[in-house]
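Colleague: I have a model open and would like to learn how to read it. Could you take me through a few of its features?

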Amino acid sequence: MFLDLDEIGKLDVHKNAGDFLMEFQMKTVPSERIATQKILSVIGECIDNFGPSCVGVQKILNARCPLLRFSHQASGFQCDLTVNNSIALKSSELLYIYGSLDSRVRALVFSVRCWARAHSLTSSIPGTWITNFSLTVMVIFFLQRRSPPILPTLDSLKSLADAEDRCILNGHNCTFVRDLYKIKPSGNTETLELLLKEFFEYFGNFAFNKNSINIRQGKEQNKPDSSPLYIQNPFETSLNISKNVSQSQLQKFVDLARDSAWILEQEDKSQPSLSSKQPWGLATLLLPPGAVSTPLSKKKKKPMNEKVKGLLASIKSSTTDSSKGTHGKRAISTQV
């Protein structure tokens, strides 16, 4: 949800009340952002203290776009409230359109987001980790890259729009077709299981160091800056929606994606017996790290300190053995 304060400026603040003139004035603040933060802070207090069935109020005021987050117990809805943020509403509508085009879209998004939460890749607290919105855009981009594509690019949706779909917000073109019947269904028949494995495989080997993600055109592009993860905002194209993500968090995502792809690859190769109590296949993806042991650890490289220790031990052992030999020859082995 967003609170549209732009309309307030269009109201007539001068009211005649008999012989008196009533005028409403707002206190001045250094910037519009500070005004937004103050407004949301007051609204947050009101919702927290007086909002029926509203719980878990969080004031996330230092984000790029300040917001309030709360839950409504009666309906089960979780709400994000911002101010003058009509583009975010348009982004939500776009995600709804994409989710309605193919039954596999929402299922794949849900699976990836559950996987990310189980491995602490995402958090309800703002920080340097990947957000659910970024993950959702990554899923959309991946589905645009399939052959044949499962989802159309945003530019394709724009080309199908007519006059009533036209939308310009804050100077940004947010136009896309809203009639689902105008969008041709995909001929792709890949299973959801295959798509999940391929998602992990794709992003486990994605060149994040040089390429960005762009769902407008559905193709990889050179990064315009040095951010570890660059995902172009669908409408405000000069913005990176994943600018907050650190290199360490991105590397954690990549490592877990590779591990998960390997686990799903083994699904048909080593099915456990019915008496086995160990989680297997897809179930292992939703367990926290360390909860289950997999053969994957055998395929991982040894840490550098272990390699060095092994090398030194090997040299020492070879040196000792050679001193017992004849003709003063030494044979130093460097195998670890």
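Colleague: Let me start with a helix: which residues of α4 are buried?

Modeller: Before you look, keep in mind that this is a predicted model. In α4 the buried ones are S134, L135, T136, V137, M138, V139, I140, F141, F142, L143 and Q144.

Colleague: How should I read a list like that?

Modeller: Start with the general idea: an α-helix has 3.6 residues a turn, so residues three or four places apart point the same way. Now the case here: eleven of the 13 residues of α4 are buried, so this helix is largely enclosed by the rest of the structure.

Colleague: What do the buried residues of α4 pack against?

Modeller: Their partners are α2 (86-101), α3 (103-118), α5, α6 and α7 (247-265).

Colleague: And how does the span of α4 agree with what 13 residues should give?

Modeller: At 1.5 Å a residue you'd expect 18 Å, and the end C-alpha atoms of α4 are indeed 18 Å apart. You can run that check on α6 (residues 192-204) too: it has 13 residues and reaches 18 Å from its first C-alpha to its last, close to the 18 Å expected.

Colleague: Which residues of α6 are buried?

Modeller: L195, L196, K197, F199, F200, F203 and G204. Notice that a lysine, K197, is on that list.

Colleague: Let's step back for a moment. What does the whole chain look like in numbers?

Modeller: Its secondary structure comes to ten helices and ten strands. Of the 336 residues, 35% count as buried. The accessible surface is about 20900 Å², with 54% of that belonging to carbon and sulfur atoms. As for contacts between residues at least 6 apart in sequence, 55% join residues at least 24 apart.

Colleague: Now sheets. How do I read one?

Modeller: The general idea is that strands of a sheet pair through backbone hydrogen bonds, either parallel or antiparallel. Here, take the open sheet of four strands, with the order β1-β6-β5-β4 and mixed pairing. The edge strands are β1 (2-3) and β4, each of which pairs on one side only.

Colleague: Where does the mixed pairing show up?

Modeller: Compare two pairs. β1 and strand β6 (residues 77-83) run parallel and are joined by two bridges, with L3 opposite V83 in β6. Strands β4 (residues 54-60) and β5 (residues 67-72) run antiparallel, with five bridges between them. A hairpin of six residues joins β4 to β5, and K59 stands opposite L68 in β5.

Colleague: Which strands of the sheet does helix α1 touch?

Modeller: Helix α1 (residues 32-50) packs on the sheet and touches β1, β4, β5 and β6. The direction of α1 makes about 165° with that of β4.

Colleague: Next, charges. What's the idea behind a salt bridge?

Modeller: Side chains of opposite charge can pair when their charged atoms come close. This structure holds ten salt bridges. One of them joins the side chains of K59 and E45, at 2.6 Å from N to O. That pair links distant parts of the chain, with K59 in strand β4 and E45 in helix α1, 14 residues apart.

Colleague: Are K59 and E45 buried or exposed?

Modeller: In between: K59 is partly exposed, with a relative accessible area of 34%, and E45 is partly exposed at 41%.

Colleague: What about a salt bridge between two strands?

Modeller: Look at R69 and D80, whose closest N and O atoms are 2.9 Å apart. R69 sits in strand β5 and D80 in strand β6, eleven residues apart. Both are partly exposed, R69 with a relative accessible area of 26% and D80 with 34%.

Colleague: Which salt bridge should I look at for buried partners?

Modeller: Try R146 and E190, with the closest N and O atoms 2.8 Å apart. R146 is in the loop between α4 (132-144) and α5 (154-159), while E190 is in the loop between β8 (172-173) and α6, 44 residues apart. R146 counts as buried because its relative accessibility is 16%, under the 20% cut-off. E190, at 19%, counts as buried too.

Colleague: Which residues are linked in a network of salt bridges?

Modeller: K90, E93 and R178.

Note on methods:
Residues are numbered from 1 along each chain as its sequence is written. This is a predicted model: local features need pLDDT of at least 70, side-chain atom pairs count only at pLDDT 80 or more; totals for chains, interfaces and linings use all residues. Side-chain values use heavy atoms; hydrogens and water are left out. Two strands pair if DSSP finds at least two bridges between them. Contact means heavy atoms within 4.5 Å. Axes are lines fitted to C-alpha atoms, for helices over the stretch in contact, and angles run from 0 to 180 degrees between N-to-C directions. Buried means under 20% relative accessible area, exposed over 50%, partly exposed in between (1.4 Å probe, protein chains only). Accessible areas come from the Shrake-Rupley method with a 1.4 Å probe; for residues, only the protein chains shown count as cover. The expected span of a helix is 1.5 Å times one less than its number of residues. A salt bridge is a side-chain nitrogen of Lys or Arg within 4 Å of a carboxyl oxygen of Asp or Glu.
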